[in-house]
Amino acid sequence: MLALPGIAQASPIFMPTGELSAQPVGHYELCQRVPEECSQITANPVPLTLTRELWTTLIDVNNAVNAMVAPLTDMEIWGIEEWWSYPVDGVGDCEDYVLEKRRMLIEKGVPAGNLLITVVRQPNGDGHAVLTVHTSLGDFVLDNLEPRILEWTDTEYEYLKRQSAGNSGMWVSIEDGRSVAVGSVSSNR
């Protein structure tokens, strides 16, 4: 097995997915405006072989997008609560980071079926979107809130649903049976 920095050499750990799930409204609206974003079909999707070259590409794209996009909410940008789009004028929210990373990686030859928009819940209860890369060494997360690329099990998120690997316009539930670690405990003493 290929030894990469920061990647354990145990068996690959994949997100356990379940039944079809409701497509997020923002993604549905994006599909209406940009149909090609949601029309990628992958017959018999398989994990992408994680090579040193691919790992370097993932790091480069994650760092580049995190550096070139400044975080603003959809309300601040568009004046509405939820609007999925590519970053505009160097600003965006979590879905915008994800879409740009996905677009750049597809342009570099990474199959769309291995780049899955994923909806999570942060430890504080807020919703968030990350990009999951489905590889031979497990599922890895590219995130605008974390500079490192982590195995999905090494994050503090609760995983809710993600795009289907076989059809970018469909979503599946994630059976996240992990115990979500408590990041900190505060006291009012």
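This report describes the sheet, the nonpolar cores, the disulfide and several loop residues of a predicted model.

## The sheet

The model contains an open sheet of seven strands, in the order β1-β9-β8-β4-β5-β6-β7, with antiparallel pairing. At its edges stand β1 and β7, the latter covering residues 150–151; each has a single partner strand, so one side of each is left without a neighbour in the sheet.

At the β1 end, strand β1 (residues 17–21) runs antiparallel to strand β9 (residues 171–174), and three bridges join the two. Within this pairing, Leu-20 has Val-172 of β9 as its bridge partner. Strand β9 also pairs with strand β8 (residues 158–163), again in the antiparallel sense and over three bridges. Here Lys-161 is the residue that stands opposite Ser-173 of β9. At the other end of the sheet, two bridges connect β6 and β7, which pair in the antiparallel sense. Phe-140 is bridged to Glu-151, a residue of β7.

## The helix across the sheet

Helix α4 lies across four strands, namely β4, β5, β6 and β8. Relative to β5, the helix runs at about 20°.

## The nonpolar cores

The largest nonpolar core has 30 residues. Within this core, the residues with the most contacts are Leu-50, Leu-58 and Leu-105. Two helices, α2 (52–68) and α4 (94–107), and three strands, β4 (115–121), β5 (127–135) and β6 (138–142), are the elements that give two or more residues to the core. Helix α4 supplies the largest share, six residues.

The surroundings of Leu-105 can be listed in detail. With neighbours within four places in sequence left aside, Leu-105 is in contact with Thr-57, Leu-58 and Val-61, and also with Val-110, Leu-115, Leu-131 and Leu-142. A second core, separate from the largest one, has eight residues, and these include Met-15, Val-120, Val-130 and Ile-174.

## Cysteines and the disulfide

A search of the whole structure finds one disulfide. The bond joins Cys-31 to Cys-38, with an S to S distance of 1.8 Å. The link between Cys-31 and Cys-38 is left-handed, with -80° about the S-S bond.

Both partners fall under the 20% limit for buried residues. Cys-31 counts as buried because its relative accessibility is 10%, and Cys-38 counts as buried because its relative accessibility is 12%. Another cysteine, Cys-94, is also buried, with a relative accessible area of 13%.

## A buried asparagine in a loop

Asn-114 is placed in the loop between α4 and β4. The residue is buried, its relative accessible area being 6%. The side chain of Asn-114 reaches the backbone oxygen of Val-46 at 3.0 Å.

Which residues surround Asn-114, leaving aside its neighbours within four places in sequence? Asn-114 is in contact with Val-46, Pro-47 and Leu-48, as well as with Thr-132, Val-133 and His-134.

## Loop residues with positive phi

Two residues other than glycine are described here for their backbone angle. Asn-44 has a phi near 50°, a positive value. Asn-44 is located in the loop between α1 (25–33) and α2. At 69% relative accessibility, Asn-44 counts as exposed.

Asp-89 likewise has a positive phi, of about 55°, although it is not a glycine. The loop that holds Asp-89 lies between α3 (74–78) and β3 (91–92). Asp-89 counts as exposed, with 77% relative accessibility.

## The loop between β4 and β5

Pro-123 is found in the loop between β4 and β5. How far apart in space are Pro-123 and Glu-156, C-alpha to C-alpha? The two residues are 6.5 Å apart in space, while 33 residues apart in sequence.

Not counting residues up to four places away in sequence, Pro-123 touches Glu-156 and Tyr-157. Pro-123 is nevertheless exposed, with a relative accessible area of 51%.

Conventions
Residues numbered from 1 in each chain as written. Predicted model: local features only at pLDDT ≥ 70, side-chain atom pairs only at ≥ 80, totals over all residues. Heavy atoms only, no water. Pairing = 2+ DSSP bridges. Core = buried A, V, L, I, M, F, W, Y, C linked by side-chain atoms within 4.5 Å. Buried < 20%, exposed > 50% of the residue type's maximum accessible area, 1.4 Å probe, protein only. Contact = heavy atoms within 4.5 Å. Axes fitted to C-alpha atoms, helices over the stretch in contact; angles between N-to-C directions. Disulfide = S-S within 2.5 Å. Polar contact = N/O pair within 3.5 Å; in protein donor to acceptor, adjacent residues only side chain to side chain.
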